[in-house]
Amino acid sequence: MTANNSRDDWWKQAVVYQVYPRSFKDVNGDGLGDIAGITEKIGYLKTLGVDAIWLSPFYPSELADGGYDVIDYRNVDPRLGTMDDFDAMVAAAHGSGLKVIVDIVPNHTSNKHRFFKEALKAGRGSAARDRYIFREGRGKNGELPPNDWQSLFGGPAWERVDDGQWYFHIFAVEQPDVNWKNPDIHEEFKETFRFWSDHGVDGFRIDVAHGLAKDFDSKSLEELGAEFSVQDQESHDGSSPMWDRPEVHDIYKEWRQVFNEYNPPRFAVAEAWVVPEHQHLYASTDELGQVFNFEFAKADWDVDQMRTAITEGLDSAARTNGSTSTWVMSNHDIPRNATRYGLPQIPSTDKHQIAKDWLLRDGKTYFEDRALGTRRARAAALLELGLPGSAYIYQGEELGLFEVPDIPWDRLEDPNAFRTSQAASDKGRDGCRVPLPWIAGDEPKPAKWDKNFGEGATFGFSPATKTDGTPAAAPHLPQPLWFKDFAADKEATDPTSMLTLYHAALKDRAELLTATGDHASLDWLDMGDDVIAYTRPAVYQGSQATFASVTNFGTAPVALPKGRILLTSAELAEDGGLPQDASAWLLLDK
Ligand code: TEU
C-alpha cells in the first residue's frame, strides 16, 4: 500500500485514475470493456503509481448516455459482468493497495428505472409521479411544453407522455430528472451508498452535484422559462431554478451522515460546474468533502490562465475547512488535453470552442500540431502533479493520447452528437472515449470502410475470440491506426514516452511530496511573467527538503534555481536553461 493510502484521509492528496469501463479493457470479447478487464489491469495501475481508481457508471443501462442513464443503481450491467466480478475487482484493487471510487448519478434515472416505469403507469397526481418532475403543458389541450427550455444535449427539456403530462430532463430524453423533494429519492440513494460501501467501495463521485435541487414552483414555469436557461450552469447568486441552489447542500449534509457510518468515513467528490467562489460549499467536511476544480480543464495553454487556475483551486480549498484542492485536465466529457494544447490557442473564445469546431469538421478546420500538443501536455503533467491536493488522470492521459476527431458520424454513440442537428452543433464526446490501445503488436488492418481506422485486431483491447471461440466483436467505438504509437506496452519500454514520464512523476510525488503529509502548503517562486514556479515542503532520504516545480511558457529559456534536477519534461538547453513549453522538478539546495 502506498504511504498515502494508509491514512484515513488518503483522498486529500490522492492521484485518482478515471476508468471509463466500456472503453478500458474487454475480457469477454464483446467489444465492450468490462469489470474483469479492470481486474486484469490492476497491476498496470499499481505500476503506474496511482492511489485510487474512479469508475464511470457500470450499472445496467440502455446506454442512451454512455451509462449515465442508470436503470438499477445497485447492480452491474450484465454486459460488463456480475456483482461477483465487482467484488473480485475490489479485492484485487485493495490487495494492491488501491482505493475504489464509484460514480453515482443522482440527478436523473434512466427512463427504464423501476421508479419511472411506476410513474408512467400510476398516472397524474400519483405518489409515483411525484418522484419525478411532471407538469401540465401549455396551450388549449396542454399540447405545448410548460416552457421552451432546451436540454443540454439539444432538443426540448420537456417530453410529453401518453396521458398528456410532460416531464423535465436536463440531459437526454431517456434521463428524466428526479424530484429531490420526494422522500423516496432520498431513501433510494442512501440505500445505494450503503450498498456500495458494504461492497468495499471507498468513495463516490457525484454526477451533476450542482443540479439536484430544483425550484420550479416559486414562479410560473413560463416566467422561469423567460428568465433562465438550462444552459446557464454557472449562476452567481443562487437564483437559477435548477443550478447551484442553496438547498442542494441540505441533501449533502444528509449524505454525510451515511458516509460517516463507515470507518474510515466514505469519501465523496462533487462534479459541480459552478463559479470558483462556490466550489468550496460542496467540499465542506459536513457535505461531500471534495469538489472538482475544473479551471485547469477550461484553461488554454496560456501562462495567465494556468496561473489563475492554480490560484483559484488553492483559494477554493483554503476556504474549506479540511478539504484539499483538485486538479483535472481531462475527463470523458471534454476533448483530450494533448489535442487542446496542439490546436490554435485563442484566449478570447469560449472554453473548448476551438476543439469543438475542429471536431465538428472531423479534425479538418485547424491544424493539430501533435508534437507541440505532446510537449505541452508533458509540461502540464509536471505542473499539475507537483501541486498540493488530489490529481485526477483520465484513462489514456498517461499515454498522451489525442482526441479521435474523425470517427464517422454513423458510428458515434454520444447523444450530444446525434440528437442535435449535426452540421450546426456538436460532434459530442466520443473522440476521448475510444477503447484504449494496450498492445502495439496486436495491430489491426486498415478498415474497408475507412482506411484510417482498424479492423480485425484491437491493439489488445479485446481478445481475438469470445469464450465460445467465435471471433470477438469490433470495439464499440472504432480505433484509429495511429493508436499503435500510443500502445501501453510500447510506451512502457520507451524512456521518452508519456507513460515513462508519468511513472517517474508519480514515484517522485509519492516519495518526496505526499510522504510529508502536508497537502496544502505552496509558495510561489517569482521567475517572471512567463514562468509558473512554486516550491513545496518535501522529504528526501529522511530529511526535510524543498521541492520546486518550474514551467516556462515564454520563448526564451530560463535559468533554473540552484538544486538537484529530478525530472524534466523536455531536454534542457545547452546552457542548462529550461526551454519554452517545458517543466522541471528539482530539490533546491539548502
Ligand atoms: O456531466 C454533467 C455536465 O454538466 C455536462 O453537461 C458537461 O458539462 C458536459 O458533458 C460537457 O460536455 C455529467 C457526466 O460527466 C456526463 O458524462 C453525463 O453525460 C452527464 O453528467 C449526465 O449524466
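Here are a few worked exercises on this predicted model.

**Exercise 1. Place strand S8 among its partners, and work out whether its two faces are buried or exposed.**

Step 1: Start with the neighbours. Strand S7 (residues 203–206) runs parallel to S8, and four bridges join the two. To find the register, look at Arg-205, which stands opposite Val-269 in S8.

Step 2: Now take the other partner. Strand S9 (residues 289–291) also pairs with S8 in the parallel sense, over three bridges. Here Ala-270 has Val-291 as its bridge partner in S9.

Step 3: Check the faces of S8 (residues 267–270). Phe-267 and Val-269 sit on one side, Ala-268 and Ala-270 on the other, and all of them are buried. So both faces count as covered, because buried means under 20% relative accessible area.

**Exercise 2. Lay out the five-stranded open sheet and find which helices lie across it.**

Step 1: Write down the strand order, which is S14-S15-S16-S18-S17, with antiparallel pairing.

Step 2: Pick out the edges. Strand S14 (523–524) and strand S17 (563–568) each pair on one side only.

Step 3: Zoom in on the S17 end. S17 and strand S18 (residues 582–588) are held in antiparallel pairing by five bridges, and Gly-563 has Leu-588 in S18 as its bridge partner.

Step 4: Add the helices. Helix H10 (residues 303–318) lies across S14 and strand S15 (531–540), at about 45° to S15. Helix H13 (residues 370–385) lies across S15, strand S16 (543–552), S17 and S18, and runs at about 35° to S18.

**Exercise 3. Asp-26 is buried yet has no salt bridge; work out what surrounds its side chain.**

Step 1: Locate the residue. Asp-26 belongs to the loop between strand S1 (15–19) and helix H1 (35–40).

Step 2: Look for an opposite charge. The nearest one is on the side chain of Lys-25, 7.3 Å away. A salt bridge needs the nitrogen within 4 Å of a carboxyl oxygen, so that candidate is ruled out.

Step 3: Turn to the backbone. A polar atom of the Asp-26 side chain lies 3.2 Å from the backbone nitrogen of Asn-28, and one lies 3.0 Å from the backbone nitrogen of Gly-29.

Step 4: Widen the view. Leaving out residues up to four places away in sequence, Asp-26 touches Gly-31, Leu-32, Gly-33, Asp-34, Phe-461, Ser-462 and Pro-463.

**Exercise 4. For three salt bridges, say where the partners sit and whether they are buried or exposed.**

Step 1: Get the total, which is 41 salt bridges. Side chains of opposite charge can pair when their charged atoms come close.

Step 2: Take Arg-114 and Glu-188, which meet at 3.0 Å, N to O. Arg-114 is in helix H4 (residues 114–122) and Glu-188 in helix H5 (residues 183–198), so this pair ties together parts 74 residues apart in sequence. Arg-114 is partly exposed at 42% relative accessibility, whereas Glu-188 is buried at 5%.

Step 3: Move on to Arg-245 and Asp-215, with their closest N and O atoms 3.7 Å apart. Arg-245 lies in the loop between helix H6 (221–227) and helix H7 (248–259), and Asp-215 in the loop between S7 and H6, 30 residues apart. Both partners are buried.

Step 4: Finish with Lys-490 and Asp-485, a 3.2 Å salt bridge. Lys-490 is partly exposed at 35%, and Asp-485 is partly exposed at 46%.

Terms used. Residues numbered from 1 in each chain as written. Predicted model: local features only at pLDDT ≥ 70, side-chain atom pairs only at ≥ 80, totals over all residues. Heavy atoms only, no water. Buried < 20%, exposed > 50% of the residue type's maximum accessible area, 1.4 Å probe, protein only. Pairing = 2+ DSSP bridges. Contact = heavy atoms within 4.5 Å. Axes fitted to C-alpha atoms, helices over the stretch in contact; angles between N-to-C directions. Lys, Arg positive; Asp, Glu negative; His and termini not counted. Polar contact = N/O pair within 3.5 Å; in protein donor to acceptor, adjacent residues only side chain to side chain.
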